[in-house]
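Visitor: I'm new here and would like to learn how to read a structure. Could you walk me through it?

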Amino acid sequence: MASSSSSVVFDDIFTIQDIDREGKKFDRVSRLYAHSKNYDMDLTLDYNVELFPLQKDQSVALALASSLARGGTAAVGADGAAEEEEKDRDVWRPDGKGRRGLEDDYEYVMYGKVYRFDSGNAEIVTAYASFGGLLMSLTGSFRHMTSIVLGDPVYLLMRK
């Protein structure tokens with residue numbers, strides 16, 4: 001799990017168990033089913049197969065972040081750099097002014113919103129997010145998803 005000063009709210013490595021289990025419904029979109037190695041989490045995710053082709057039994061690193069900016073909040077300096085940082089905080093590409101964000105470390109990035117959070121029992125919970133119609137569900141121990149907040153915007157970042 002990420003530190004409190006980071007914008008990353010969840011990260012783990014998943015092994016793809018199946019792709020399009022119920023059959024392929026769209027030309028450019030597939031649904032993967034994966035299980036994580038470290039936190040014993042289950043992931044179901046819709047993704048664009050043209051932009052990020054994946055195969056069964058392949059491992060991928062997945063991170064969820066509240067922002068693409070690296071690190072935590074900046075301290076206010078004499079030159080007002082923190083004000084500039086705050087003004088650009090919600091910009092989609094934080095490297096617009098020469099800064100490099102988390103997206104540089106990943107191959108596939110989506111932006112969406114956490115729209116539902118279900119607690120199946122006291123220990124196991126499921127977080128649901130939508131990325132412009134591409135859906136994700138992440139199921140596992142609530143201890144690993146305490147930083148994922150209902151209604152918050154979220155970036156999904158993946159790499160092979």
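Visitor: Let me start with one residue: is Arg116 buried, partly exposed or exposed?

Guide: First, the ground rules. This is a predicted model, in which local features need pLDDT of at least 70 and side-chain atom pairs count only at pLDDT 80 or more, while totals for chains, interfaces and linings use all residues. Residues are numbered from 1 along each chain as its sequence is written, and side-chain values use heavy atoms, with hydrogens and water left out. Now the idea: buried means under 20% relative accessible area, exposed means over 50%, and partly exposed is in between (1.4 Å probe, protein chains only). Arg116 has a relative accessible area of 40%, so it is partly exposed.

Visitor: Which residue does Arg116 meet in a salt bridge?

Guide: A salt bridge is a side-chain nitrogen of Lys or Arg within 4 Å of a carboxyl oxygen of Asp or Glu. Here Arg116 pairs with Asp118, at 2.8 Å from N to O. Asp118 is partly exposed too, at 26% relative accessibility.

Visitor: How many salt bridges are there in the whole structure?

Guide: A search finds six. One of them joins Arg143 and Glu123, whose closest N and O atoms are 2.7 Å apart. Arg143 sits in the loop between β7 and β8 (153–159) and Glu123 in the loop between β5 (108–119) and β6, so this pair ties together parts that are 20 residues apart in sequence. Arg143 is exposed, with 52% relative accessible area, whereas Glu123 is partly exposed at 30%.

Visitor: You mention strands by number. Which strands does β7 pair with?

Guide: The labels come from DSSP runs, numbered from the N terminus: helices are H or I runs of at least four residues, and strands are E runs of at least two. Two strands pair if DSSP finds at least two bridges between them. Strand β7 runs antiparallel to β3 (residues 42–48), with four bridges, and antiparallel to β6 (residues 124–131), with eight bridges. On the β3 side, Thr44 has Ser137 as its bridge partner; on the β6 side, Ala129 is partnered with Met136.

Visitor: What links β6 to β7 along the chain, and is β7 mostly covered or open?

Guide: The two strands form a hairpin with two residues between them, and Gly132 in that turn has a positive phi of about 65°. As for β7 itself (residues 134–141), six of its eight residues are buried, so "mostly covered" fits.

Visitor: Which residues other than glycine have a positive phi?

Guide: Asp20 is one of them, at about 55°, and Asp57 is another, at about 70°. Asp20 lies in the loop between β1 and β2 (29–36) and is buried, with a relative accessible area of 19%. Asp57 belongs to the loop between β3 and β4 (59–65), and with 60% it is exposed.

Visitor: And what does Asp18 touch?

Guide: Contact means heavy atoms within 4.5 Å. Not counting residues up to four places away in sequence, Asp18 touches Arg31, Leu32, Tyr33 and Lys56. Asp18 is found in strand β1 (residues 8–19), and its C-alpha is 7.7 Å from that of Asp57, although the two are 39 residues apart in sequence. The side chain of Asp18 also meets that of Arg21 in a salt bridge of 3.4 Å, N to O. Both partners are partly exposed: Asp18 at 22% and Arg21 at 47%.
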